[in-house]
Amino acid sequence: MRIVSGIQPTSQLHIGNYLGAIKQWIPLQEKNECVFFVADLHALTIPYDPEKLQQAIKETVIAYIAAGLDPEKSIIFVQSQVKEHAELGWLLNTICPIGELQRMTQYKDKSKKFKENINAGLLDYPVLQAADVLLYKGEAVPVGKDQEQHVELIRSLAKKFNQKFASPASSLGGGGGITFKEPASLILKEGGKIMSLTDPKKKMSKSDDPKSCIFLFDSPEDITKKIMSAETDSGKEVRYNITKKPGISNLLTIYSLLTGKTTQQIEKEFTGKGYGEFKKSLAEVTVQYLEPFRRKQKELATREVYLQEILRKGAGRALTIAQETMKEVKQKMGLS
Ligand code: ADP
């Protein structure tokens, strides 16, 4: 299968990005053709500092590799280096009803959060995302739960394009029939939505307060501090109950995903022990789990040439596929 996914270089990556998305990318590399990009064009839709963008892109690539992506197996590159993303995005705009975009939850949330900057890109974001996936004729998109609605739109645009531009092969000199497959979203049942540490009713997000996120490369002290001060609920029993105990339930989910233990096993382990002891143990588990990430990050940060080479090769491989798709798309749309 062709797998496609990406993450915005809007800040450091957090364990929500890891547990919801990247963790499932790693095993997928073994038997599939994977395309993983740094979504820098998407990052421009919220306020950012141009002087810091290149560094953020580099850090995202480092996070990909430190978390286990293998540049020999996966195509890793920066979105803006393959101009066909923007080109296909424009073409798909012309078949996307505006109402579909206005009803997107992420658009509504982000327009509330960035009231001063409700730019057209914020609304159009899911169309560019459709281009990101369809450019490579992606068949599956491993993402967190917050992206489910966007992947639905990708499917609907693929279908629409296929219906609208299904010219017979003869009139095109080959290449007729279906252009795009309708990609499936791969969303994990556990980990698909890790919640904020400071407000467990909201998802953990890079664009929120750093205290609400555990970043992949946080120091052991910061991890401990953030977990110990994470919002918990009334009562003191460590029990999974998403409605009555959203804070503890979120921490239990993280604990379970990092240790492989079930939440029931963890509840049992902490019977009669209270929140403090549970959080202390979770902090230790997290510090330990992320230790190899920190180690690899330090090593990769000094290997500028190696990183540049990965991105150069990745963009080259991506471009070959992208150009082939664009040739077909342009023919079908009457542009060539
Ligand atoms: P953010 O919302 O933190 O800025 P992105 O929009 O760049 O993150 O998303 C990158 C990937 O991480 C996507 O697949 C997204 O679904 C996933 N993701 C983001 N936040 C979470 C979360 N809190 N829990 C699980 N997955 C998440």
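Me: What makes the approach of Lys206 to the ligand a polar contact?
Reply: A polar side-chain atom of Lys206 lies 2.7 Å from an oxygen atom of the ligand. A polar contact is a pair of N or O atoms within 3.5 Å, so the Lys206 pair qualifies. The model is predicted: local features need pLDDT of at least 70, side-chain atom pairs need 80 or more, and totals for chains, interfaces and linings use all residues. Residues are numbered from 1 along each chain as its sequence is written, and side-chain values use heavy atoms, without hydrogens or water.

Me: How do you know that Lys203 and Met204 also contact the ligand?
Reply: Lys203 places a side-chain N or O atom 2.5 Å from a ligand oxygen. Met204 uses a backbone N or O atom, 2.9 Å from a ligand nitrogen. Both distances fall within the cut-off, so both pairs count as polar contacts. The protein buries 96% of the 530 Å² that the ligand exposes when taken alone (Shrake-Rupley method, 1.4 Å probe).

Me: Which residues come nearest to the ligand?
Reply: Gly144, Asp146, Ile194, Lys203 and Lys206, out of 20 residues around the ligand. A residue is near if one of its heavy atoms lies within 4 Å. The shell divides into five nonpolar, eleven polar and four charged residues. Gly counts as polar here, and Asp, Glu, Lys and Arg as charged. Helix α1, residues 15-31, gives the most to the shell, with four residues.

Me: Where does the ligand sit?
Reply: In the largest pocket. To sit there, more than half of the ligand's atoms must lie within 2 Å of the pocket's grid points. A pocket is an open set of points on a 1 Å grid over the protein atoms alone, with protein on both sides within 12 Å along at least five of seven lines.

Me: Why is Ala322 called buried?
Reply: Ala322 has 0% relative accessibility, so it counts as buried (buried is under 20%, exposed over 50%, partly exposed in between; 1.4 Å probe, protein chains only). Ala322 lies in helix α14, residues 304-333. Its C-alpha is 44 Å from that of Glu284, 38 residues apart along the chain.

Me: Why is Leu123 buried or exposed?
Reply: Leu123 counts as buried because its relative accessibility is 16%. Leu123 is part of helix α7. The C-alpha atoms of Leu123 and Ser229, 106 residues apart along the chain, are separated by 35 Å.

Me: Why is Lys137 called partly exposed?
Reply: Its relative accessibility is 25%, so Lys137 falls in the middle class. Lys137 is in the loop between α7 (120-134) and β4 (140-142). Its phi is positive, about 50 degrees, although Lys137 is not a glycine.

Terms used
Polar contact = N/O pair within 3.5 Å; in protein donor to acceptor, adjacent residues only side chain to side chain. 1 Å grid on protein atoms, 1.4 Å probe; cavity = no way out; pocket = protein on both sides within 12 Å on 5 of 7 lines; lining within 4 Å. Helix = DSSP H or I, 4+ residues; strand = E, 2+ residues; numbered from the N terminus.
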